[in-house]
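Colleague: I would like to go through this model with you before I set anything up. Could you bring it up, please?

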Amino acid sequence: MAKGDCVFCGSPVSSQGEHVLPRWLFKRWQGQGPFTYYVGGKAIPKRNGGTQRHGLPRVMLPVCGSNSPANCNGWLDSTFEHAGKPQVRAVLDDLRRIEGAEVLAFARWVVKTLLLHAHPLAVNSEIGHLDIATSGSVLELPGAALPAMRSTDRFPDDLSLWMSVIDPDGAAVALPEFDLQLLPDVHRPDGGGGRSGAATLGFSLPNGRMVSFQLVFHPLIDIVNPFESPGWATRLWPNPPSDLDIADHPVLDALGGRALTKWFATGGSSIGLQPGERWPNGPTGQAFRAVSER
C-alpha cells in the first residue's frame, strides 16, 4: 500500500495509490513465455527466485484517486495512459514502426512511467524502495516539479530520454573509449538547478532482445549522450523523432548495454551559477569531471 500525501497535489492518499506499471502492461506477457524486467540494467528476480514470468512486480506510488477532488490518478490515465497504451503495445509487442503523433504519445508515456518508477517514494513489491535507491535508479526532482507538471501537463525542464536495443547474446560491438560522466549538482541564487540523476528501465522483447529506456534529469546542464551519434541510442525526449522502428534499431551487445546504464552518474562537483547561466557554459568554463570506466 502506498499511503501518504499525493506526490502531485499533496492530498492525503488513503487507497493503494498508483500502479506505476499499469495493469494492462502486466498482461502483455501472459501466454508469451518468460520475460525479464530490468531496473538500472539488472534483472529483477521473483521472490521465489528465477526470472519474472507472466507479470510484473507491483510498483506503487502515493497518488490520489477518485475519492479526492484532484483525482491525480485519473489525470495520469487520461493524459498519458489512453494515448500511450496502443503505441506501447505496437512497439513492445509487435515491434511495429510508429510515426508522428504516435511517437510523441509513446515518448510521453515512457517519460511519465520512468519519472514515477524512479520517484524516491515508489515501492517495488519485489525489491522494496531502498534497493531501488542504492541501484542508482532514483531521480530527486525539486519539490515543486511534479505539482507544476500536474497543473500544466508539461514535464519538468532538462529531462532527456533515450531508447536503446540490447541483445544479451549478440555479437560484440566495437565501442569507442567512453568516460563515465559525473553530473554536478548545479545551483543558482534564483532557485534554479538541483541534483542530477539517471534512471534506466528495461523490458525483454518477443525476439529475445531487450529495450532499455534511460531518463536523465540534468537541471541547468547541457549534456550529450555519445551512444546517440552512432545510432545506438535514440533520443525520445525532448523533441521525439518523426518515426521510430524498434525492429530496425541498431543493437548493442551485453557489454555495451552495461556501459550505457553507467554513462551518466551523480557525484560531480557542486556548481554555483549566476541567474540565467547554464552549465557547462557557466562562469568557470570547466568540462564535466570524468572518470575512466573502460
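Modeller: What follows covers confidence, the cysteines, one pocket and one residue in a strand.

Colleague: What is the mean pLDDT of the protein?

Modeller: This is a predicted model, and its mean pLDDT is 81. A value of 70 or more is reached by 79% of the residues.

Colleague: Where does pLDDT stay under 50?

Modeller: One such segment is residues 47–54, for which the model has 22 contacts beyond four places in sequence. Another is residues 282–294, with 39 contacts beyond four places in sequence. Where pLDDT is low, the predicted coordinates should not be read in detail.

Colleague: Turning to the cysteines, how many disulfides does the structure hold?

Modeller: The structure holds zero disulfides.

Colleague: Why is there no bond for Cys-9?

Modeller: The closest cysteine sulfur to that of Cys-9 is in Cys-64, at 3.6 Å. That is too far for a bond, because a disulfide requires the two sulfur atoms to be within 2.5 Å.

Colleague: And which cysteine has the closest sulfur to that of Cys-72?

Modeller: Cys-64 again, with its sulfur 3.7 Å from that of Cys-72, which is also too far for a bond.

Colleague: Are Cys-9 and Cys-72 buried or exposed?

Modeller: Cys-9 is partly exposed, at a relative accessible area of 34%. Cys-72 is buried, and its relative accessible area is 0%.

Colleague: On to pockets. What is the volume of the second largest pocket?

Modeller: Its volume is about 300 Å³.

Colleague: Which residues lie nearest its centre?

Modeller: Pro-142, Ala-145, Pro-156, Asp-157 and Phe-217 do, out of 17 residues that line the second largest pocket. Helix 5 (residues 145–152) supplies the largest share of that lining, with four residues.

Colleague: How do the lining residues divide into nonpolar, polar and charged?

Modeller: For the second largest pocket, ten are nonpolar, four are polar and three are charged.

Colleague: One last residue: where is Leu-161, and is it buried or exposed?

Modeller: Leu-161 belongs to strand 9 (residues 159–166). It counts as buried, with 0% relative accessibility.

Colleague: What does Leu-161 touch, leaving aside residues up to four places away in sequence?

Modeller: Its contacts include Ala-107, Val-110, Val-111 and Leu-114. Leu-161 also touches Phe-213, Gln-214 and Leu-215, as well as Thr-234, Arg-235, Leu-236 and Trp-237.

Colleague: And how far apart are Leu-161 and Arg-108?

Modeller: They are 53 residues apart in sequence, and their C-alpha atoms are 9.7 Å apart in space.

Technical notes. Residues numbered from 1 in each chain as written. Predicted model: local features only at pLDDT ≥ 70, side-chain atom pairs only at ≥ 80, totals over all residues. Heavy atoms only, no water. Buried < 20%, exposed > 50% of the residue type's maximum accessible area, 1.4 Å probe, protein only. pLDDT = per-residue confidence, 0-100. Contact = heavy atoms within 4.5 Å. 1 Å grid on protein atoms, 1.4 Å probe; cavity = no way out; pocket = protein on both sides within 12 Å on 5 of 7 lines; lining within 4 Å. Points joined across faces, edges and corners; volume = space filled by probe spheres on them. Helix = DSSP H or I, 4+ residues; strand = E, 2+ residues; numbered from the N terminus. Nonpolar A, V, L, I, M, F, W, Y, C, P; charged D, E, K, R; others polar.
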